[in-house]
Amino acid sequence: MVLDKAVLKEVQKLKKDCIVLSHNYQIPEIQDAADFTGDSLGLCIEAQKVDKPYIMFAGVDFMAESAAMLNPEKTVIVPDLEAHCPMAAMLPAKTIEKAREEHPDAAVVLYINTRIEARALADVMCTSANAIKIVKALPEKKILFGPDINLTWHVHRHVKDKEIIAVPDTGHCITHGRIFSEEDVKRTRKEHPEAELLIHPECLPAVQMMADYICSTEQMVKRARDSSAEEFIIGTEVGMLYRLEREFPDKKFYPLNEKAVCRTMKMNTWEKFVTQLREKKNVVRIDERIAEKARKSLERMLELSV
Ligand code: SF4
């Protein structure tokens, strides 16, 4: 998309009182306009270091909630308040309450891709990068893990001595868990035989089993930097390819499936992004009592992941 130069200049001006954060799956125009592009937790931590009254978070609901939770003195705005992650919506707080009643001896570990009400009921949060480490570090032998059944499988594969129960038992990412298939792996391996295959742990177990490396999005950036390989097949949402191509212009990146587009992430259009930078009306509001509890489960994660 060719952008109007006057609008680009205006965006730079509007950023004077606003830090702009873009998730890796956002459209290229928003990634280019951002101060930081990365994964949800990394972005919230970056925001804490910048002294500006507003945060524009281009991502989905649970990410903006994290930003609001970790930056209570700042106002968080988003391009579209309706950008709700379907996977996060699969784990309402009442499902955790019920699972806790059924398994009182279990620790509740939740993936960062959950809504704030659910996080407030967790013992500890995790990311796809540190999930194995967190589960291993807990003293409990029984773990309730949610909301992604595929990430649960990935953790269980590496932590055999604990009982890990998926909550809910059908939670998944619509993009990673439904689009990528074993056929995609066979086809792209044939097309690019020299390429390393990097797969996100939200993909189906059968697809994960075929990977060279299972990686979170930030681990994909690290792998592309550290590896001597010059080509990579990327098994995650296609927005990630733009980030990788921008950072490593001498390497080649191929999508595992070019249809892997998260519709919710792409609700954030350039027009909505600019409008909200101007008007700052889409304010993310969280209940401070819930946020206080949710902050504790995140702090526990930070303690256990060092
Ligand atoms: S890619 Fe999956 S987990 Fe991420 S926002 Fe989209 S549906 Fe949710």
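These legends walk through several views of a predicted model, from the whole protein down to single residues.

**View 1. The whole protein, with its helices and strands.** Welcome to the overall fold, whose secondary structure comes to 16 helices and 12 strands. The radius of gyration is 19 Å, close to the 19 Å that the globule rule gives for 306 residues, so the protein is as compact as a globular protein of that length. Measured out along the principal axes, the C-alpha trace spans about 60 × 55 × 30 Å. Of the 306 residues, 45% are buried. If you look at contacts between residues at least 6 apart in sequence, 64% of them join residues at least 24 apart.

**View 2. Helix H16 and its two faces.** Here we zoom in on H16, which runs over residues 288-304. This helix has 17 residues and reaches 24 Å from its first C-alpha to its last, close to the 24 Å expected at 1.5 Å a residue. Which residues of H16 are buried? They are Ala294, Ser297, Leu298 and Met301. These residues cover an arc of only 95 degrees around the axis, which puts them on the same side of H16. A general point helps here: an α-helix has 3.6 residues a turn, so residues three or four places apart point the same way. On the face turned away from the buried side, H16 carries the exposed residues Glu288, Arg289, Glu292, Glu299 and Glu303.

**View 3. What lies over the buried side of H16.** Staying with this helix, we turn to its surroundings. The cover over the buried residues of H16 includes three helices, H4 (61-70), H7 (116-119) and H8 (131-137), together with strand S6 (124-126).

**View 4. The shell around the ligand.** Next comes the ligand, with 13 residues around it. Which of them come nearest? Cys85, Met87, Cys173, Thr175 and Cys262 do. Helix H5 (86-89) and helix H10 (174-179) each supply at least two residues of the shell, and H10 gives the most, with three. Sorted by class, the shell has eight nonpolar, four polar and one charged residues.

**View 5. A close look at Pro205.** Our last stop is Pro205, found in helix H12 (residues 205-208). Why does Pro205 count as partly exposed? Because it has 14 C-beta neighbours inside 10 Å, a count between the 12 or fewer of an exposed residue and the 20 or more of a buried one. Leaving aside neighbours within four places in sequence, Pro205 is in contact with Asn150 and Trp153. Pro205 and Gly177 are 28 residues apart in sequence, and their C-alpha atoms are 9.2 Å apart in space.

Technical notes. Residues are numbered from 1 along each chain as its sequence is written. This is a predicted model: local features need pLDDT of at least 70, side-chain atom pairs count only at pLDDT 80 or more; totals for chains, interfaces and linings use all residues. Helices (H or I, at least four residues) and strands (E, at least two) are DSSP runs, numbered from the N terminus. The expected span of a helix is 1.5 Å times one less than its number of residues. The arc is that of the directions from the helix axis to the C-beta atoms. Two residues are in contact if their C-beta atoms, placed from the backbone, lie within 7 Å. The radius of gyration is taken over C-alpha atoms; the globule rule is 2.2 Å times the number of residues to the power 0.38. A residue is near a molecule or strand if its C-beta atom, placed from the backbone, lies within 6 Å of it. Ala, Val, Leu, Ile, Met, Phe, Trp, Tyr, Cys and Pro count as nonpolar, Asp, Glu, Lys and Arg as charged, and the others, Gly among them, as polar.
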